[in-house]
Amino acid sequence: MKTNANVFFSVLAIAALIVSPIQMTTSSVQAADSGAVADLVLLENVPAATAEVEDNQVELNALHIYDDGHFKLTEDNLTWQSSNTNIATVDDKGVVTFTGQPGRAFITVSDGDFDDRIGVHYKRDRPTQKGKPSFPGDVIKQDGDRYNIVDNAIKNMTLEEKVGQMLMPDFRTWNGEDVTELVPEIEQLVKDYHLGGVILFQENMVTTEQTAKLVAAYQEASEKYGLLMTIDQEGGVITRLQSGTDMPGNMALGATRSTDLAYDVGHAIGAELNALGINMNLAPVMDVNNNPDNPVIGVRSFGESPELVADMGIAYTKGMQSSGVAATAKHFPGHGDTAVDSHLGLPEVPHDKERLQKVELYPFQQAMDANMDAIMITHVTFPKIDDTTVNSKKDGTEVTLPATLSHNVLTRLMREEMGYDGVIITDALNMNAITDHFGSVDAVIRAVKAGTDIVLMPVGLPEVADGLLDAVKSGEISADRIEASVKRILTLKVKRGIIKPVNPTPTDELVENAKKVVGADSHQQLAMEVANNSITLVKNDNALPLDVSDNEQVAVVGSTYIDSLYESVKQHHANTELIRASEPLNDEQLAQLEDAAAVIAGTYTDNVSGRSPDSTQMQLMNQLINTADAPVIGVGIRNLYDIMAYPSVDAFLAQYSFREASFQATAASIFGENDPTGLLPITIPDANGNALYEYGHGLSY
């Protein structure tokens, strides 16, 4: 498929053209910041680029190479030609169509001064099992140094430009206001520091139109190389787009056991990001969640099985990459078996390498083997891999070096032992696990020396950029170390079509397309399909499906997100009453339950203390179970571990997500309109650590 660079990149400033009055040729055109055009090559001839044949067609892209080595997509004044139209034709946009006749042809593109060609080959395959022949087409790359555009670009980049490619700050606010449009000061920072990427957050994205315009403005501000416009759009609890489709999340996908759904979700999320110009997603989470006390991963994981996590994560990734968006597996080497949130402290995973290879590292190795675009490193210590200690800048105590800053983890383990050569990106460097113990500049220098390619959200952009430059100039960091990272970053940009076009798509066209894609009906239907297939009936003592007459009352009780549960239940049973409470009911509220034919109670927890039987929410649940005459149906709105606090409930459903589709699926399941088929992606322990409900458990009607 032709790279969607014009979707990726929005409106760019048109460079001033200096045209010789004598020779009106492409080679005489100069870009104000770049020098003269030095060559024209087909992107599909570049080693890192791919060309996919779809419906007997493949779309080709032409690049102008400038004399300083940088490159841009061009469609200006091009002539396309096929050497054999009996085999393949080509139109004036570079769209190649195979005729069905087997054989080989060459497709040539010319701008009047420079030209390039690429081979296309068509053959008849053997008939498929259904008796229908398939007719695959191949694109045959040409060889030559002119196609090593990344290496050639790096040769002419300044040190400042190289370092800039490695920096990915966030600009959530500016002067106390959310950054929803690009202010001149931020635009200048993008230019001054030659930034390679920017990460967006919910504060930056209000509407589809506004987000598309903001991303367009960022790309306009970039100089020679397109920005990695990045986001954490995992689905589920980590969803940044305010106008996009709210997918139920990874653990809901894990409960479906469907890699097809995982692929579709990845593709849908990618399609929405692509339409907005966002070209890199810090997803999927490929942590193995095998610690019930984990405060930060939980339902962000596909489950506790390394094989399940690998299978679902790779399917999700392939779907996302098929939409043109780069995927990022996180949080290497594994944040699943921790009981500390690295946003707040420095967690430790104490296991030896043999255990890590079987569990935590397994999904990441599979992801590496499946050509994962990027991998995020976590701020977690792994003393059995690297037991290096440093003195904390916070209090002087010795702390073990986190994986983010560890040469043993990034270079020896990832690069040398596991064979990964994609992009490595740090987790946010403004998190307490880093800021508490390391200075902002020291942390970045350590991360780069360890082997990272992109430093995410460094604290103090000017200081960090200057610090990195000084470290290279002093020899503390070698120039080769920097260039290796820049090569990986630019290679990823080429691979995913993140290349600035000479003439970008007008903003109004970008916005119009984004409005069609973001939140599309088909994506909403997919979210509903995932939710319906994920609902897990963990316990049912003949309480479900609920069979109540119209004149019988149903009570919905709870606090957090309880309105969503109530509204969904009410759609199925009009005679439903809401009792909003976060602690045991008083006598008046208890009296409201006397006529209830059923009590549906939703609990919401995201930490260990929340699910403690001593918490007021769980005291409320057990009060309902002990006092209500009607059956009590518990709903784990987010955390399926909630049932640990009220195991004697009459029925319990896990919905894994507080997104609207999940509430609708739960209500449909309660009333028997959806057969809950989800299977537990994790084991639910009892208070003594024994299995209360095993991995894979799930009831149905």
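**View 1. Ten residues around the second largest cavity.** Glu-161, Gln-165, Val-190, His-194, Leu-195, Ala-221, Ser-222, Glu-223, Lys-224 and Tyr-225 line the second largest cavity. The model shown here, as in every view, is predicted. The second largest cavity holds about 110 Å³ of space. Its lining is mixed: four residues are nonpolar, three are polar and three are charged. Val-190 and Leu-195 are among the residues of this lining. So are Glu-161, Glu-223 and Lys-224.

**View 2. The largest cavity and its lining.** The structure holds six cavities of 30 Å³ or more. In the largest of them lies about 130 Å³ of space. The lining of this largest cavity counts 18 residues, and closest to the centre are Asn-294, Gly-298, Val-299, Asp-606 and Asn-639. Nine residues of the lining are nonpolar, five are polar and four are charged. Rolling a probe the size of a water molecule over the atoms shows where empty space is left.

**View 3. The largest nonpolar core.** In soluble globular proteins, nonpolar side chains tend to be buried together. Here the largest nonpolar core has 205 residues. Six of them touch the most other members: Tyr-218, Phe-332, Leu-546, Ile-600, Leu-624 and Ile-684. Helix α7, residues 259-276, gives the most to this core, with nine residues. Another core lies apart from it and has 18 residues. Leu-40, Leu-60, Val-90 and Val-96 are among the members of that other core.

**View 4. Leu-624 and its contacts.** Leu-624 is one of the residues that touch the most other members of the largest nonpolar core. Which residues is Leu-624 in contact with, leaving aside its neighbours within four places in sequence? They are Val-557, Leu-585, Leu-593, Val-599, Ala-601 and Val-632. One of these, Val-557, falls within strand β25, residues 553-558.

**View 5. Asn-279, after helix α7.** Asn-279 sits in the loop between α7 and β17, the latter spanning residues 280-281. Is Asn-279 buried or exposed? Its relative accessibility is 0%, so Asn-279 counts as buried. The side chain of Asn-279 reaches the backbone oxygen of Leu-227 at 3.1 Å.

**View 6. Two cis peptide bonds around the end of β18.** The peptide bond from Lys-330 to His-331 is cis, with omega near 5°. His-331 belongs to strand β18, residues 326-332. The peptide bond from Phe-332 to Pro-333 is also cis, and here omega is near 0°. Pro-333 is found in the loop between β18 and α9, a helix of residues 353-358. Phe-332 appears again in the largest nonpolar core, as one of the residues that touch the most other members.

**View 7. Positive phi at Asn-542 and Tyr-561.** Asn-542 is not a glycine, yet its phi is positive, at about 60°. Asn-542 lies in the loop between β24, residues 536-540, and β25, residues 553-558. Its relative accessible area is 79%, so Asn-542 is exposed. Tyr-561 also has a positive phi, near 60°, and is a residue other than glycine. The loop that holds Tyr-561 runs between β25 and α18, residues 562-572. How much relative accessible area does Tyr-561 have, and which class does that give? The value is 33%, so Tyr-561 is partly exposed.

How values were computed: Residues are numbered from 1 along each chain as its sequence is written. This is a predicted model: local features need pLDDT of at least 70, side-chain atom pairs count only at pLDDT 80 or more; totals for chains, interfaces and linings use all residues. Side-chain values use heavy atoms; hydrogens and water are left out. Helices (H or I, at least four residues) and strands (E, at least two) are DSSP runs, numbered from the N terminus. Buried means under 20% relative accessible area, exposed over 50%, partly exposed in between (1.4 Å probe, protein chains only). On a 1 Å grid over the protein atoms alone, a cavity is a set of points where a 1.4 Å probe fits but cannot get out, and a pocket is an open set with protein on both sides within 12 Å along at least five of seven lines; lining residues have an atom within 4 Å of a point. Grid points are joined across faces, edges and corners, and a volume is the space filled by probe spheres set on the points. Ala, Val, Leu, Ile, Met, Phe, Trp, Tyr, Cys and Pro count as nonpolar, Asp, Glu, Lys and Arg as charged, and the others, Gly among them, as polar. A nonpolar core is a set of buried Ala, Val, Leu, Ile, Met, Phe, Trp, Tyr and Cys residues joined through side-chain atoms within 4.5 Å. Contact means heavy atoms within 4.5 Å. A polar contact is a pair of N or O atoms within 3.5 Å; within protein, one must be able to donate a hydrogen and the other to accept it, and residues adjacent in sequence count only if both atoms are side-chain atoms.
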